[in-house]
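Some labels in a structure description sound like opinion. Here each one is set against its rule.

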Amino acid sequence: MNKGPVDSARVPRFAGPATFARLPRLDEVGRADVAVVGVPFDSGVSYRPGARFGPAAVREASRLLRPYHPALDVSPFERAQVVDAGDIVASPYHIEEAIESVEAGAAALDARLVTIGGDHTIALPLLRDAARRHGPVALLHFDAHLDTWDTYFGAEYTHGTPFRRAVEEGLLDTEALSHVGIRGPLYGKKDLDEDRRLGFGIVTAADVLRRGVDEVVDALRQRIGDRPLYVSVDIDVLDPAHAPGTGTPEAGGLTSRELLEILRGLAGGNLIGADVVEVAPAYDHAEITSVAASHVAYDLVSLLALQEYK
């Protein structure tokens, strides 16, 4: 029998340790089908710092999550053993060393991961681990930005470069790569040309508005097929009205409702892992961003719980 969250009828939600959704720690159960793990690292940012405090803020905001997901008709903590696996420690002073630490930390966890960042640099080592387990994976990337720059100030490893490096390293199935929520100014049209050359398709924030969630989901599912799928969610995919607490906000983004409905449209797919990154609580108001991120993480956990486990 799986061990679930602390009973809120016995311990109020505002009391006790702030594990994700008040789930048991990994060391309390000894095994996990799905693990929520934090990576408090933000040395790869290009503008506002502060995402190193994201995992703690998302865990605190997750206290109000409940054990039944009506939209997906699943009780994720009953169907799978879900745990909070704590944080992967990564050096704040050496990006390449931090990337190696995140990859090793992910590899040491024998579970499907929902990782809470931290900045988007951490997607690269997480994709390395995913590809090691599953081969090249499909990627569904929710973000205001492409994150396929080549370098920034000469640096190859930043929060704006992880998916270019992932393509170059053969971690991704280039027939099944999609950005969702892209918007805002670019340095030039060549950014789009280079992104297309890498194999990405783009669904802009305006596309979601005009085409609607159902049509977008259908197009994404056709592109993904039954491939192993990794989902990476930069919280700045949401409009700043829904996620002010992030490092590089852009006007005109998705609503939290749109993001959650697109994620729920992936039910039945072959999801193998996910991350939620770029929550910077110093810029947040009334936990707006961290609450949104906690619900995104909960939906990803619920989608993973729908997979078959022995």
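The turns below deal with one helix pair, two pockets and a cavity.

This is a predicted model, in which local features need pLDDT of at least 70, side-chain atom pairs count only at pLDDT 80 or more, and totals for chains, interfaces and linings use all residues. Residues are numbered from 1 along each chain as its sequence is written, and side-chain values use heavy atoms, without hydrogens or water.

Q: Why is H9 called oblique to H10?
A: The axes of H9 (residues 213-224) and H10 (residues 256-264) cross at roughly 40° and come within 9 Å. Angles under 35 degrees count as roughly parallel, over 145 as roughly antiparallel, 65 to 115 as roughly perpendicular, and the rest as oblique. The crossing angle therefore makes H9 oblique to H10.

Q: Which residues make the contact of H9 with H10?
A: From H9 come Val213, Val216, Val217 and Leu220; they meet Glu258, Glu261 and Ile262 of H10. Contact means heavy atoms within 4.5 Å.

Q: What makes this contact five nonpolar, no polar and two charged residues?
A: Ala, Val, Leu, Ile, Met, Phe, Trp, Tyr, Cys and Pro count as nonpolar; Asp, Glu, Lys and Arg as charged; the others, Gly among them, as polar. Val213, Val216, Val217, Leu220 and Ile262 are therefore the nonpolar residues, and Glu258 and Glu261 the charged ones.

Q: What makes an empty space a pocket or a cavity?
A: The search uses a 1 Å grid over the protein atoms alone. In a cavity, a 1.4 Å probe fits but cannot get out. A pocket is an open set of points with protein on both sides within 12 Å along at least five of seven lines. Lining residues have an atom within 4 Å of a point.

Q: Where is the centre of the largest pocket, and which helix gives the most to its lining?
A: His145, Trp149, Leu186, Tyr187 and Asp191 are the closest to the centre, out of 24 lining residues. Helix H7 (residues 189-197) gives the most, with three residues. The volume is about 520 Å³.

Q: What lines the second largest pocket?
A: Its lining has 17 residues, with Ala111, Arg112, Leu113, Arg133 and Ile272 nearest the centre. H5 gives the most, with five residues. The classes are nine nonpolar, three polar and five charged.

Q: Which residues line the largest cavity?
A: They are Leu229, Leu266, Ala267, Gly268, Gly269, Leu271, Leu303 and Gln307. Five are nonpolar, three polar and none charged.

Key:
Axes fitted to C-alpha atoms, helices over the stretch in contact; angles between N-to-C directions. Helix = DSSP H or I, 4+ residues; strand = E, 2+ residues; numbered from the N terminus. Points joined across faces, edges and corners; volume = space filled by probe spheres on them.
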